[in-house]
Amino acid sequence: MTAPPDKTPAAIAGMFDAIAPRYDLLNHVLSAGLDRRWRDRAVDALSLPDGALVMDLCTGTGDLAIATVRRVPGASVVGVDFAGEMLRLARAKVRAAGLDGRIRLVRGDAARIPIGDATCAAATIAFGIRNVAEPERALAEIARVLKPGGRLAILEFGQPRIPGIRTLYSWYFRYMLPLVGRLVSKHQSAYSYLPASVGTFPPPAEFSRIIAATGFSQVRAGPLTFGIVYLFVAERR
Ligand SMILES: C[S@@+](CC[C@H](N)C(=O)[O-])C[C@H]1O[C@@H](n2cnc3c(N)ncnc32)[C@H](O)[C@@H]1O
């Protein structure tokens with residue numbers, strides 16, 4: 001049996017800090033540019049009112065935060081992440097895009113989000129929740145930060161259900177992606193950790209039940225691109 005991936009904060013933050021310089025490039029190359037479309041779908045699924053305040057947890061290099069302020073007039077985002085190097089790159093991108101006034105980036109752990117109770121109209125997480133050691137605790141923290149009725153959108157990798165596509169994708173995800181990831185990032189394990197962490201993440205129906213059990217209602221899970229990615233949307237009770 002394969003050992004479960006090490007999800008201690010030091011291991012995860014250290015890994016993302018190490019791959020940060022190549023993170024965006026590899027995201028776009030390895031997803032053939034689909035990652036941008038997936039983030040746009042997550043923002044649109046929230047149907048945010050103009051001027052909404054959104055928390056983007058596990059914001060990384062800030063792409064979802066940037067997509068949010070570009071797609072929702074007047075919206076502002078607080079991006080939270082515990083990897084300093086990812087945040088440094090996010091800050092540079094936000095500044096270069098002239099979005100400093102609308103995106104604030106803070107260092108913090110999903111287990112203790114440094115934002116007050118009932119502050120945000122919505123929360124987002126893209127490709128972050130499977131890295132969190134205790135997802136239930138992070139979801140409870142998100143529920144705390146959201147106003148009642150606040151909306152949540154989560155993007156996470158899944159596994160395609162159509163048999164032929166599933167086989168092809170599984171080969172790509174288990175063999176090709178770690179190889180390209182290792183060559184480009186020069187990190188020995190980060191892109192092997194990716195399929196390993198997706199393999200141990202609960203399937204969509206089970207993760208939907210976890211979301212519902214941590215203070216959310218109207219939980220919906222929908223596949224994007226044959227189920228390579230799932231978009232979960234919910235409302236804080
Ligand atoms: C795969 S990246 C996703 C980044 C970004 N959301 C995107 O769409 O590209 C995952 C990010 O989650 C962050 N992360 C993982 N666990 C975390 C935790 N417990 N608290 C805060 N950030 C965390 C990592 O540092 C990393 O930047």
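**Figure 1. Helix 1 and the shell around the ligand in the predicted model.** Helix 1, spanning residues 9-30, supplies 4 residues to the shell around the ligand, the largest share. In total, 19 residues surround the ligand. Tyr-23, Cys-58, Asp-81, Ala-110 and Ala-126 are the closest of these. By residue type, the shell consists of 11 nonpolar, 5 polar and 3 charged residues.

**Figure 2. Polar atoms of the ligand and their protein partners.** The side chain of Asp-81 places an N or O atom 2.6 Å from an oxygen atom of the ligand. For the side chain of Arg-39, the distance between an N or O atom and an oxygen atom of the ligand is 3.0 Å. The backbone also takes part: a polar backbone atom of Phe-82 lies 3.4 Å from a nitrogen atom of the ligand. The ligand on its own would expose 600 Å², and 97% of that area is buried by the protein.

**Figure 3. Glu-141 in helix 5.** Helix 5 covers residues 135-145 and includes Glu-141. Glu-141 counts as buried because its relative accessibility is 14%, and the cut-off for this class is under 20%. The side chain of Glu-141 forms a polar contact of 2.8 Å with the side chain of Arg-144.

**Figure 4. Contacts of Glu-141 beyond its sequence neighbours.** With residues up to four places away in sequence set aside, Glu-141 touches Ala-110, Ala-111, Arg-112 and Ile-113. Ala-110 is also one of the closest residues to the ligand.

Methods:
Residues numbered from 1 in each chain as written. Predicted model: local features only at pLDDT ≥ 70, side-chain atom pairs only at ≥ 80, totals over all residues. Heavy atoms only, no water. Near = heavy atom within 4 Å. Polar contact = N/O pair within 3.5 Å; in protein donor to acceptor, adjacent residues only side chain to side chain. Areas by Shrake-Rupley, 256 points an atom, 1.4 Å probe, with all protein chains shown as cover. Helix = DSSP H or I, 4+ residues; strand = E, 2+ residues; numbered from the N terminus. Nonpolar A, V, L, I, M, F, W, Y, C, P; charged D, E, K, R; others polar. Buried < 20%, exposed > 50% of the residue type's maximum accessible area, 1.4 Å probe, protein only. Contact = heavy atoms within 4.5 Å.
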